[in-house]
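Here are some short exercises to work through with the viewer open. Try each task before you read its solution.

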Amino acid sequence: MTEPTNTTAAGIAFATGAITLTGSIFGLQFDALLFGLFGGLISLMHLPAMSVLRLIGTLASSSLMGALFGPAAVSLSLSSWAWLSAVPAQPARLGSALLIGLFAQALIPIALAWLERKRASTAPGSAP
């Protein structure tokens, strides 16, 4: 029987390779992918034990979400808070990728549950 740490390490290694390959196909920036992955790893410390496939999906989704929505978060933040314009663009983009990767593990299930409730409430035959 393998130790849980070996399984986790193998899952993290496979997820890192998959994230890098997928990010290069989509044209995402590698540094933002890695910061999103780092945020996902921090978030993973606070989640219960999971299977290797779920671990890979969790890390890949947090990394891709960080790299995809990091620049949008910076643009939204710059339009909302003027004092943020003093922060250079590169650290702001990487910091937002880290934060999105960190919170993606909590936000994705919340968003999916909200969509399911919305779908159930608009289904034919459901009470308004």
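**Exercise 1.** Which element gives the largest share of the lining of the largest pocket?

Solution. Keep in mind that this is a predicted model.
- Start with the pocket itself, which holds about 330 Å³ of space.
- Of its 16 lining residues, Ala73, Ser96, Leu99, Ile100 and Leu107 are the closest to the centre.
- Next, look for elements that supply at least two lining residues: H3 and H4 each do.
- The largest share comes from H4, with 9 residues.
- To finish, sort the lining by class: 14 residues are nonpolar, 2 are polar and none is charged.

**Exercise 2.** Decide whether Ser96 is buried or exposed, and find its contacts.

Solution.
- Locate Ser96 in helix H4, which spans residues 89–122.
- Its relative accessible area is 10%. The cut-off for buried is under 20%, so Ser96 counts as buried.
- Now set aside neighbours within four places in sequence: Ser96 is in contact with Gly70, Ala73 and Val74.

**Exercise 3.** Work out which helix gives the most residues to the largest nonpolar core.

Solution.
- Of the 14 residues in this core, Ala15, Ile19, Leu28, Leu33, Leu59 and Ala67 touch the most other members.
- Helices H1 (4–26), H2 (30–44) and H3 (52–80) are the elements that give two or more residues to the core.
- H3 gives the most, with 6 residues.
- Take Leu33 as a close-up: leaving out residues up to four places away in sequence, Leu33 touches Ile19, Gly23, Leu28, Ser63, Leu64 and Ala67.

Technical notes:
Residues numbered from 1 in each chain as written. Predicted model: local features only at pLDDT ≥ 70, side-chain atom pairs only at ≥ 80, totals over all residues. Heavy atoms only, no water. Helix = DSSP H or I, 4+ residues; strand = E, 2+ residues; numbered from the N terminus. Buried < 20%, exposed > 50% of the residue type's maximum accessible area, 1.4 Å probe, protein only. Contact = heavy atoms within 4.5 Å. Core = buried A, V, L, I, M, F, W, Y, C linked by side-chain atoms within 4.5 Å. 1 Å grid on protein atoms, 1.4 Å probe; cavity = no way out; pocket = protein on both sides within 12 Å on 5 of 7 lines; lining within 4 Å. Points joined across faces, edges and corners; volume = space filled by probe spheres on them. Nonpolar A, V, L, I, M, F, W, Y, C, P; charged D, E, K, R; others polar.
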